[in-house]
Amino acid sequence: MSLLTDLQANALEPEYRSSGSRRHNSPLVLGATLALLAALIVVALVGTTRSSDEANSERRDLLQRIGETQARVESQEEEVATLETEIRELGDSQVNDPVLTAALLALEPMVGTVPVTGPGIVIEVNDAVDQAGGEGVVFDSDLSRLVNGLRQAGAEAIAINGRRVTALTPIRTAGSAITVDYVSLSPPYRVEAIGNPNTMPGRFARTGAAAWWKYISDNYGIDFSIREARDELTLAADPGMTLRSAKK
């Protein structure tokens, strides 16, 4: 029995028992471990604080640049408006024929060089609630069809989300957004058309555009609604309708 007892008591190597004993009993090792952990925590906190400070600094710089750009754009828009007024006054001073002047005034609302106000209809379209594989999304070609259909129906002036649409207004896709006159728009899209609200809906219903929109609405869940405007519509002038050439 003494041999068995001795084997059980000395099952571990003497070096392992002494090493383990030193690990558990050495305050130096424990202190070094705690110091290392504290150092790691301090480094992590410093790095987090520094990253947060850098992010805040970048955000402030970005906001400042956005504000400066917006102020510059507003200043340029005011300058453009002033120059357009001067151009109009100079043009009017050169037209002495009353008949020609009246013709020009009649054409201005249709070509989009001046704001217009009048009765009309409002069409609201939006992407489908459930979209799968890119289906159920309104494309630029859909809006172009809609605009052409409204013109066929007798619309005198059209705007999409407040942007006037004329014969020179491009409707394109840029990335995931639709641009009208190079300005990105987001759904839902509100299409306003000035014209006779009593005849436009019926005439529009007989166009190919109406048939197309009924098809994509029924098959892809795209929202489409048309109604008479409750009040008179006011559509701004097309900012893209500027003087491109002149001859004396």
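**Note on the H5/H7 pair and a few loops**

1. Starting with H5: at 1.5 Å a residue, its 13 residues should span 18 Å, and the end C-alpha atoms are 19 Å apart, which agrees. Bear in mind throughout that this is a predicted model. Helix H5 covers residues 140–152. The buried residues in H5 are Asp140, Asp142, Leu143, Leu146, Val147, Gly149 and Leu150. Two aspartates, Asp140 and Asp142, are on that buried list, so to speak alongside the leucines Leu143, Leu146 and Leu150. Just past the end of H5, Gly154 has a positive phi of about 105°.

2. H7 gets the same length check. Its 13 residues should span 18 Å at 1.5 Å each, and the distance between the end C-alpha atoms is 18 Å, which agrees. Helix H7 runs over residues 208–220. Just after H7 there is again a glycine with positive phi: Gly221, at about 75°.

3. Which residues of H7 are buried? Ala209, Ala210, Trp213 and Ile216 are. They fall on the same side of H7, because the arc they cover around the axis is only 135°. As background, an α-helix has 3.6 residues a turn, so residues three or four places apart point the same way. The other side of H7 carries Gly208, Ala211, Lys214 and Asp218, which are exposed. Over the buried residues of H7 sit, among others, strand E2 (120–126), H5, helix H6 (200–205) and strand E9 (223–228).

4. How do H5 and H7 pack, in terms of angle and axis distance? The angle is about 145°, and the axes are 8 Å apart. The crossing is left-handed. On the H5 side, the residues in contact are Asp142, Leu143, Arg145, Leu146 and Gly149; from H7 come Ala209, Trp212, Trp213 and Ile216. Sorted by class, this contact has six nonpolar residues, one polar and two charged. Asp142, Leu143, Leu146 and Gly149 of H5 are also buried, and so are Ala209, Trp213 and Ile216 of H7.

5. Glu124 is worth a look if you are browsing E2, the strand it lies in. Glu124 counts as partly exposed because its relative accessibility is 35%. Setting aside residues up to four places away in sequence, Glu124 touches Tyr189, Arg190, Asp223, Phe224, Ser225 and Arg227. Its C-alpha is also 7.0 Å from that of Pro188, with the two positions 64 residues apart in sequence.

6. Pro188 has its own oddity. The peptide bond leading into it from Pro187 is cis, with omega near 0°. Pro188 lies in the loop between strand E7 (183–185) and strand E8 (189–194). For context, most peptide bonds are trans, and most residues other than glycine have a negative phi.

7. Two residues go against that phi trend. Asn161 is not a glycine, yet its phi is positive, about 50°; Asp181, likewise a residue other than glycine, has a positive phi near 55°. Where do they sit? Asn161 is in the loop between strand E3 (157–160) and strand E4 (163–165), while Asp181 is in the loop between strand E6 (177–180) and E7. Are they buried or exposed? Asn161 is partly exposed because its relative accessibility is 29%, whereas Asp181, at 13% relative accessible area, is buried.

8. Now Ile194, in strand E8. With 6% relative accessibility, Ile194 counts as buried. Neighbours within four places in sequence aside, its contacts are Val116, Thr117, Gly118, Pro119, Gly120, Gly154, Ala155, Glu156, Ala157, Met200, Leu233 and Leu235. Gly154 on that list is the glycine just after H5. Ile194 and Gly118 are 76 residues apart in sequence, but 5.9 Å apart in space, C-alpha to C-alpha.

9. Last, the overall picture. How many helices and strands does the chain have? Seven helices and 10 strands. Of its 248 residues, 24% are buried. Counting contacts with a separation of 6 or more, 75% are between residues 24 or more positions apart. Two pairs with C-alpha distances noted above are Glu124 with Pro188 and Ile194 with Gly118.

Notes: Residues are numbered from 1 along each chain as its sequence is written. This is a predicted model: local features need pLDDT of at least 70, side-chain atom pairs count only at pLDDT 80 or more; totals for chains, interfaces and linings use all residues. Side-chain values use heavy atoms; hydrogens and water are left out. Axes are lines fitted to C-alpha atoms, for helices over the stretch in contact, and angles run from 0 to 180 degrees between N-to-C directions. Helices (H or I, at least four residues) and strands (E, at least two) are DSSP runs, numbered from the N terminus. A crossing is left-handed if the near helix is turned anticlockwise from the far one by less than a right angle, and right-handed if clockwise. Contact means heavy atoms within 4.5 Å. Ala, Val, Leu, Ile, Met, Phe, Trp, Tyr, Cys and Pro count as nonpolar, Asp, Glu, Lys and Arg as charged, and the others, Gly among them, as polar. The expected span of a helix is 1.5 Å times one less than its number of residues. Buried means under 20% relative accessible area, exposed over 50%, partly exposed in between (1.4 Å probe, protein chains only). The arc is that of the directions from the helix axis to the C-beta atoms.
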